Amino acid sequence: MIQGWPRDEDGRRAQAADWVVRLQSGEITDDQALAFDAWLSASDDNARAYDAALGVIFEVEAQAPRIAFDLRRLPTPRPASRNRGWLVAGGLAAAATVALAVMPISLLSAPPQTYMTAKGEHRSVTLSDGTKVDLNAGTRMTVTLARHERRVSMPEGEAVFDVASDRSRPFLIAAGDRTVRVVGTRFDVRRREGQLSVTVDRGVVEVRPNDDARGRALRLHPGQRLDHVQGAADARVRAVEPADVYAWRTGRLIYRDQPLGDVVADLNQQYARQIILDDPALAATRFSGVLVLDDQDAVIRRLALLAPLRALPSARGVTLGRSDAVKP
């Protein structure tokens with residue numbers, strides 16, 4: 001059942017619908033244009049209602065071919081009575097705005113969309129608000145574009161977000177016990193095994209603890225990266241080169257003094273045959289280098305040479321050990 005809404009909202013939606021019809025007709029006087037400008041500027045709620053009305057029109061226009069096909073399959077209707085002639089003359093714009101006037105705007109929110117990538121798979125998507133997202137391998141995220149906010153849930157994976165600016169609808173990413181909040185910017189979010197990193201390339205990004213988590217909100221600027229472990233109260237912010245972080249989009253992984261455990265975890269998202277460290281202490285070994293993601297055996301050979309390590313096949317995949325732990 002459709003729920004009711006306050007009368008002032010009902011009137012605002014009706015006014016927005018009326019203005020859309022007038023402006024779409026192309027027959028508007030200078031006085032009417034000034035009146036529209038005054039109405040739009042009078043309240044942020046008016047502006048949001050008008051944007052929502054336009055959104056309905058764009059959606060109806062996008063579905064016009066399907067609607068026309070379905071209408072052709074219906075029995076021929078009786079001639080429209082005189083009091084309904086305006087609807088026919090108004091076309092899609094009038095139909096759309098009438099739909100707006102009888103429907104709560106909350107129902108216009110797009111349903112949640114889930115995007116996933118398998119091991120070794122990269123994917124690029126453009127959301128309906130214009131935001132572009134590049135998903136790294138082994139990523140799962142759910143996107144909900146609502147009236148007042150755009151929300152993403154990313155329990156696992158990595159993605160670069162190029163967020164379309166919309167000050168009336170902040171872009172929120174829930175990743176573990178932290179929420180990333182932006183308006184319009186480009187940044188990378190990585191969450192693997194309870195560890196979160198956020199790297200900013202453009203704009204300002206706020207990372208704050210969720211209501212039940214410890215810590216304080218931090219603001220990141222271009223060239224900064226935040227690293228946080230799930231459940232910890234603190235987070236580390238340091239300077240980085242964003243191009244290094246984004247290099248996975250072009251088939252390269254670039255590391256500058258990073259833990260070997262992170263390198264192995266990244267490679268295990270790119271290939272089905274898993275890499276295992278025979279000594280857990282090796283995970284803390286610092287590693288610097290560039291790995292080109294081509295043939296897995298070639299990647300492992302380069303990693304073993306740079307680390308240095310020894311690589312041996314095993315029943316579980318490939319085992320990496322210290323170079324002096326295995327005799328030739």
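## A walk through the predicted model

Let's begin with two strands: β1 (residues 113-116) and β4 run antiparallel to each other and pair over four bridges. One place to see this is Thr114, whose bridge partner in β4 is Thr142. Please keep in mind throughout that this is a predicted model.

Strand β4, which covers residues 140-145, is a good place to pause. Its covered face carries Met141, Val143 and Leu145, while Arg140, Thr142 and Thr144 are on the uncovered one. In a regular strand, side chains alternate between the two faces of the sheet. β4 also pairs with strand β5 (residues 150-162), again in the antiparallel sense, this time over five bridges. In that pairing, Val143 stands opposite Val152 of β5. To get from β4 to β5, follow the hairpin of four residues that joins them.

Where does Met141 lead us next? Met141 is one of the residues with the most contacts inside the largest nonpolar core, together with Phe161, Phe187, Val198 and Leu267. This core has 52 residues, and β5 gives the most to it, with five residues. In soluble globular proteins, nonpolar side chains tend to be buried together. For a closer look, try Val198: leaving aside residues up to four places away in sequence, its contacts include Val180, Phe187, Val205, Val207 and Leu220. Val198 also touches Asp188, Gln224 and Arg225, among others. A second, separate core has eight residues, including Ala16, Trp39, Ala49 and Tyr50.

Now let's turn to charged side chains. Side chains of opposite charge can pair when their charged atoms come close. How many salt bridges does the structure hold? There are 17. One of them joins Arg151 and Glu149, with the closest N and O atoms 3.0 Å apart. Arg151 is partly exposed at 35% relative accessible area, and Glu149 is also counted as partly exposed, at 28%.

Another salt bridge links Arg219 to Glu206, and here the closest N and O atoms are 3.9 Å apart. Arg219 lies in strand β11 (residues 218-220) and Glu206 in strand β10 (residues 205-209), so this pair ties together parts that are 13 residues apart in sequence. Is each partner buried or exposed? Arg219 is exposed, with a relative accessible area of 58%, whereas Glu206 is buried, at 13%. Arg208 joins in as well: Glu206, Arg208 and Arg219 are linked in a network of salt bridges.

Further along the chain, Asp257 and Arg286 meet through their side chains in a salt bridge, at 3.5 Å from N to O. Asp257 belongs to strand β14 (residues 252-259) and Arg286 to strand β16 (residues 286-292), so the two tie together parts that are 29 residues apart in sequence. Asp257 counts as partly exposed at 45% relative accessibility, and Arg286 is likewise partly exposed, at 45%.

Our last stop is helix α8, residues 296-306. At its start, a side-chain oxygen of Asp295 reaches to within 3.2 Å of the backbone nitrogen of Asp297. Which residues of α8 are buried? They are Gln296, Ala298, Val299, Ile300, Leu303 and Ala304. An α-helix has 3.6 residues a turn, so residues three or four places apart point the same way. The buried residues of α8 pack against α7 (260-270) and against four strands: β15 (274-277), β16, β17 (309-314) and β18 (317-322). Among these is β16, the strand where we met Arg286.

How values were computed
Residues numbered from 1 in each chain as written. Predicted model: local features only at pLDDT ≥ 70, side-chain atom pairs only at ≥ 80, totals over all residues. Heavy atoms only, no water. Buried < 20%, exposed > 50% of the residue type's maximum accessible area, 1.4 Å probe, protein only. Pairing = 2+ DSSP bridges. Salt bridge = Lys/Arg side-chain N within 4 Å of Asp/Glu carboxyl O. Contact = heavy atoms within 4.5 Å. Polar contact = N/O pair within 3.5 Å; in protein donor to acceptor, adjacent residues only side chain to side chain. Core = buried A, V, L, I, M, F, W, Y, C linked by side-chain atoms within 4.5 Å.
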